[in-house]
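Here are some exercises to work through with the model open beside you. Try each task before you read its solution.

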Amino acid sequence: MKRETAINWILGLGLLAVPFLALWADETFYVTLATRVAILALAGVGLNLALGFGGMVSFGHAAFFGLGGYAAGILAIHAFNQEPFLTVPFTIAGTNDMIVIWIVAILVCALVAVAIGMIALRTSGVYFIMITLAFAQMIYYFAISWPSYGGEDGLSFYVRNGFPGLNTLNPIEFFLICYAALMLGLFLSARLRDSRFGAALQVARQNEVRLAATGIAPFNVRLVAYVISACMTGLAGALFADLNRFVGPSMLSWHLSGEIMIFVILGGVGRLFGPLAGAALFIVLEFYLGGITEHWQFFLGLILLCVVLFVRGGVIGVLAGRRDHG
Amino acid sequence: MTLVLLTEQLLNGIQFGVMLFLMAAGLTLVFGVMGLINLAHGSLYMIGAFLCATVALATGSFWLGLVASLAGAAAAGAVVEIAVIRRLYDRDHLDQVLATFALILIFSEGTRWVFGSFPLFLDIPPVLQGAVTLPGGAEYPLYRLTIIAIGLLIAFGLYLLISRTRLGMRIRAGESDREMIGALGVDIRTLYTVVFALGAALAGLAGALVGAIQSVQVGMGEPVLILAFVVIVIGGIGSVKGALIGAILVGVVDTLGRILLPQFFALFMEASQATSVGSALASMAIYILMAIILAVKPQGLFSAGA
């Protein structure tokens with residue numbers, strides 16, 4: 001077994017073990033912490049598809065995270081108030097069914113990602129970073145200044161949405177849903193990466209002209225990868241809203257885009273399990289530093305800075321050595 | 001909507017734009033010359049504001065505060081460049097984003113550590129208090145007019161610096177071919193430190209000037225930073241002229257949008273709805289502007305390179 005594969009197994013099984021150990025030790029808080037890691041890692045897995053495999057440095061993935069969150073929140077609120085979301089041209093009722101919410105979240109993110117991607121992918125490099133940021137900011141300000149769904153204060157919904165056959169209010173069952181979603185995201189990433197499409201995507205990153213010469217349009221490959229990436233991050237957003245039973249503009253803020261990007265870079269850009277390693281390290285650091293000092297952000301910044309300056313290739317890079325290819 | 005009100009808002013927009021220019025000039029130089037994305041530029045703005053407020057409160061002189069903010073921000077910039085930024089020039093943009101994001105955390109939390117969470121307030125210097133009557137009858141605060149004047153003077157100064165002086169020649173040369181000017185015997189490391197400190201000083205000046213209009217608080221640099229990025233992307237990265245025009249465009253569109261859009265929608269909507277639609281669109285206006293410009297000209301209006 002390759003070293004990276006072994007590390008991936010340890011990371012995946014480790015995350016699964018944490019909540020059960022926590023229950024056994026009667027420390028239910030850690031179940032929530034592990035759920036947070038799983039959800040944010042999934043958002044990172046989504047971004048990694050665009051950023052790691054496709055070289056598209058999207059600084060606006062919080063847009064999709066937030067859209068997914070708002071999809072969950074808005075549908076849940078409408079279900080709670082028993083008033084339909086739309087009556088014209090056809091009726092869309094609110095819902096508490098997670099599966100329906102996920103589908104809506106993914107569809108919304110796909111639509112928005114197509115629109116953003118069509119414009120943003122015409123640019124490259126720094127311009128791409130900034131235009132994705134600009135679109136995310138548009139959605140952020142839209143959410144802030146639109147009073148119907150909470151505006152600046154966000155939306156609280158009091159009951160976690162339901163999943164058939166499970167009690168989502170039970171922390172461990174909700175964790176298992178999020179964990180399954182993360183694993184599904186990772187599985188999909190792996191399949192995409194090793195497919196013909198994944199190969200085309202990686203060539204689009206390395207040498208666009210060569211890809212075009214084989215008769216594949218780099219733009220289309222990138223757009224599809226960008227949309228899939230957005231959908232995964234959006235699904236994570238829907239789960240995150242359910243975790244907190246709250247969705248607000250902070251889920252759309254550029255700080256969050258930065259954080260998701262940090263998970264990816266910290267874990268190792270383009271590594272399959274990089275986002276999981278990064279999210280886990282970031283959240284554990286945040287948690288422990290927060291317990292030690294009020295000024296934990298200062299030290300978090302210092303640690304991150306040292307990691308960038310002195311540790312190349314992120315956590316997985318250090319543990320597993322160089323990548324074989326890509 | 002009277003002409004007087006429109007003039008005032010237009011001037012507010014220009015004043016805001018000039019402020020953005022002070023931020024954007026440094027960003028675009030660092031971007032253009034060193035190819036570095038500096039997310040921590042907003043922290044230098046914050047440092048300028050805090051230094052100005054602290055020194056002004058301690059000594060009672062706004063002007064001493066202004067000098068302190070310029071010197072302090074330049075010094076902070078130089079230190080950061082030597083300690084951190086220098087190691088990032090050869091890295092890809094991702095590492096730069098992560099490292100400068102980390103710097104934001106350090107600076108913001110460090111400032112909160114020293115000054116606490118409460119905002120500071122800085123008074124407008126007595127000489128610049130009061131209003132001026134403009135031709136046409138509009139009354140406009142003297143302080144804001146001064147900011148516009150200072151900003152335009154600095155824009156002109158920067159233009160002279162870059163197009164007429166030896167330092168400017170080196171900056172331009174560094175933009176197009178860093179190996180070559182290194183081979184010609186220019187000390188690139190020092191040059192980069194100087195450019196970075198210059199950009200930091202401009203950001204610090206912007207923070208100090210704005211400190212007298214708004215409250216001085218932790219995190220004040222971040223919204224401005226994002227706008228400054230919008231400005232340089234619209235203007236074309238590396239172009240000081242593009243930064244000036246982009247900044248004023250963004251400032252005016254943002255300010256006028258907030259006034260005009262709600263009124264525009266009120267023409268054919270009920271009042272409360274018009275306000276929410278109008279203000280939602282107004283806060284998105286500059287990003288829409290940016291998306292349109294980039295969709296038409298992917299390299300910005302006055303792209304220097306490429």
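**Exercise 1. Describe the order of helices and strands in chain B, then judge its overall shape**.

Step 1. Along its sequence, chain B of this predicted model runs α-α-α-α-β-β-α-α-α-α-α-α-α. Helices (H or I, at least four residues) and strands (E, at least two) are DSSP runs, numbered from the N terminus.

Step 2. Counting the elements gives 11 helices and 2 strands for chain B.

Step 3. The radius of gyration of chain B, taken over C-alpha atoms, is 20 Å, close to the 19 Å from the globule rule for 306 residues, so chain B is as compact as a globular protein of that length. That rule is 2.2 Å times the number of residues to the power 0.38.

Step 4. Along the principal axes, the C-alpha atoms of chain B fill a box of roughly 65 × 50 × 35 Å.

A note on conventions: residues are numbered from 1 along each chain as its sequence is written, and chains are lettered from A in the order in which they are written. In this predicted model, local features need pLDDT of at least 70 and side-chain atom pairs count only at pLDDT 80 or more, while totals for chains, interfaces and linings use all residues, and side-chain values use heavy atoms, leaving out hydrogens and water.

**Exercise 2. Find where confidence in chain B is lowest and where it is highest**.

Step 1. Start with the average: chain B has a mean pLDDT (the predictor's confidence in each residue, from 0 to 100) of 87, and 99% of its residues score at least 70.

Step 2. Now go to the extremes. Helix 7 (residues 178-183) of chain B is lowest, with a mean of 80, and helix 3 (residues 62-83) of chain B is highest, at 94.

Step 3. For the complex, the predictor gives an ipTM of 0.84 and a pTM of 0.87.

**Exercise 3. Characterise the interface of chain B and chain A**.

Step 1. Contact (heavy atoms within 4.5 Å) joins 45 residues of chain B to 43 residues of chain A.

Step 2. The two chains bury about 4,200 Å² between them, 80% of it on carbon and sulfur atoms. Buried area is the accessible area (1.4 Å probe) lost on being put together, summed over both parts.

Step 3. On the chain B side, Leu94(B), Leu98(B) and Phe101(B) lose the most area to chain A, together 16% of what that side buries.

Step 4. Helix 4 of chain B supplies the largest share of the side that touches chain A, 15 residues.
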